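Q: Please take a close look at the salt bridges of the structure shown below. A formal account that places the partners in the fold, and then turns to the surroundings, would be welcome.

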Amino acid sequence: MTKLALTWVALCSFLTAATAQTDSIRFLNHRYNEFFRGNRDFSYVSPNGELGAPSGYVINGELIASYFLLASPESRFSVAVTQRFMARTRTDRSSPIRTPSFRLGTQVFYRLSSDVNRYRYVEAQFFHHSNGQDGKTFLPNGTINTETGDFSTDYLQATYNWGTHVRNRHGTYYNLGYRWHPPFFNHSEGLAGNYGFGRLLGQATYRIYAQPSTEPSPSSKTERLRVSVQASYAVNKLTNWTLGAAQRRVNAELSVWYIPPFSRDAGIFTTIGYYGEDPYNIYFNDRYTFVRFGIAAGFTRYTDELRK
């Protein structure tokens, strides 16, 4: 009888430990799925667009939407299909939106750590980037056709991501990576030697969390403030530019977002930056310092409750 009781106790202890371990892994994967979503760029709308750009704008914006096909607490892998749509409304007559920029691709995430306070993961991407035009890239005088010129390219990107998450207080996020436009993919005429086909990438972000007033559950927290620095540097060969020509190769920006207590996911932001290569498709030859401000929204909520 004693042996049977001891066996029963041992079995119960084993099952309890196994269940606790399973719940712990499920929570890890759940929290990392929140990191995967939360570390994406915000969508935004900006009156007057990039102040300082060579062209004048009425309003600019970028819509970023990710559809997570795999984001299960049972797996440390996550997969998302993401679309990024950017449009700039010009101050020309009839306020045209010339060559809207569309990126469609797949992102794959993999959790590296079993720590949610100091998290680490890797990410791989494949994206197609196009402006939907089919005109000649160059005008007869040799300048770039920014009105109807074709822009199309594909790229692969890999990043190592890490950061901290102090519950109910603050968090950080960093990444380092590389974006590569392989020569075996199709690219528009005129991009080779004039466009950043290889870019080193980096980002540093700081967040402050608070309990949302619209959802007073103690298990839910939202961002109130986000400060982020992003930079990239083209390292491929560019015609008439040396590797050290930062004015042509560097893109960098500093952004500050504030989400007021009465708002769920949207807030206000301002960005200052410099483009050595304008990321708006066929306008890649433009270089300028800019200021941008407006309204932004994204994934800002974190919860300790697993999805059913």
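A: The answer below begins with the chain as a whole, turns to the salt bridges, and ends with the nonpolar surroundings.

The model is a predicted one. Its chain has 308 residues, of which 44% count as buried, and its secondary structure amounts to two helices and 13 strands. Among contacts with a separation of 6 or more, 62% are between residues 24 or more positions apart. The exposed area of the chain is about 15500 Å², and carbon and sulfur atoms supply 62% of this area.

Side chains of opposite charge can pair when their charged atoms come close. In this model the count comes to 17 salt bridges, and three of the pairs are followed here.

One pair joins the side chains of Glu74 and Arg26, with an N to O distance of 2.1 Å. Arg26 belongs to helix H1 (residues 2–38), while Glu74 sits in the loop between strand E2 (57–70) and strand E3 (77–90); the pair thus links distant parts of the chain, 48 residues apart. Glu74 counts as exposed because its relative accessibility is 56%, and the cut-off for that class is over 50%.

Another salt bridge is formed by the side chains of Arg84 and Asp41, at 3.1 Å from N to O. Arg84 lies in strand E3 and Asp41 in the loop between H1 and strand E1 (43–47), so this pair ties together parts that are 43 residues apart in sequence. The two partners fall into separate accessibility classes: Arg84 is buried, with a relative accessible area of 17%, whereas Asp41 is partly exposed, with a relative accessible area of 28%.

The third pair is Glu50 with Arg292, whose closest N and O atoms are 2.7 Å apart. Glu50 is found in the loop between E1 and E2, and Arg292 in strand E12 (residues 288–297), so that distant parts of the chain, 242 residues apart, are linked. Glu50 counts as buried at 2% relative accessibility. Arg292 is likewise buried, with a relative accessible area of 4%. Both residues also take part in a network of salt bridges that links Glu50, Arg88, Glu253, Asp278 and Arg292.

The nonpolar interior can be set beside these charged pairs. The largest nonpolar core has 15 residues, and Phe151, Leu191, Tyr195, Ile282, Phe284 and Ala296 are those with the most contacts inside it. Beyond its neighbours within four places in sequence, Ala296 contacts several residues, including Phe42, Tyr44, Trp257 and Phe269. A second, separate core has 13 residues, among them Phe68, Phe109, Tyr119 and Tyr121.

Asp265, Ala266 and Gly267 are also among the contacts of Ala296, and these three residues are touched by Ile259 as well, together with Glu223, Arg224 and Thr300, when residues up to four places away in sequence are not counted. Ile259 is part of the loop between strand E10 (250–258) and strand E11 (266–275), and counts as buried at 3% relative accessibility.

The surface offers a contrasting view. A nonpolar patch of about 730 Å² is made by Phe126, Leu156, Tyr178, Trp180, Phe184, Leu200, Val235 and Leu243. Of these residues, Leu243 lies in the loop between strand E9 (220–234) and helix H2 (246–249), and is exposed, with a relative accessible area of 53%. Tyr178, also in the patch, is in strand E7 the bridge partner of Ala158. Ala158 is in turn the bridge partner of Ala124.

Methods:
Residues are numbered from 1 along each chain as its sequence is written. This is a predicted model: local features need pLDDT of at least 70, side-chain atom pairs count only at pLDDT 80 or more; totals for chains, interfaces and linings use all residues. Side-chain values use heavy atoms; hydrogens and water are left out. Two strands pair if DSSP finds at least two bridges between them. Helices (H or I, at least four residues) and strands (E, at least two) are DSSP runs, numbered from the N terminus. Patches are made of residues with over 30% relative accessible area and no salt bridge: like charges are joined within 9 Å, nonpolar side chains (Val, Leu, Ile, Met, Phe, Trp, Tyr) within 5 Å. Accessible areas come from the Shrake-Rupley method with a 1.4 Å probe; for residues, only the protein chains shown count as cover. A salt bridge is a side-chain nitrogen of Lys or Arg within 4 Å of a carboxyl oxygen of Asp or Glu. Buried means under 20% relative accessible area, exposed over 50%, partly exposed in between (1.4 Å probe, protein chains only). A nonpolar core is a set of buried Ala, Val, Leu, Ile, Met, Phe, Trp, Tyr and Cys residues joined through side-chain atoms within 4.5 Å. Contact means heavy atoms within 4.5 Å.
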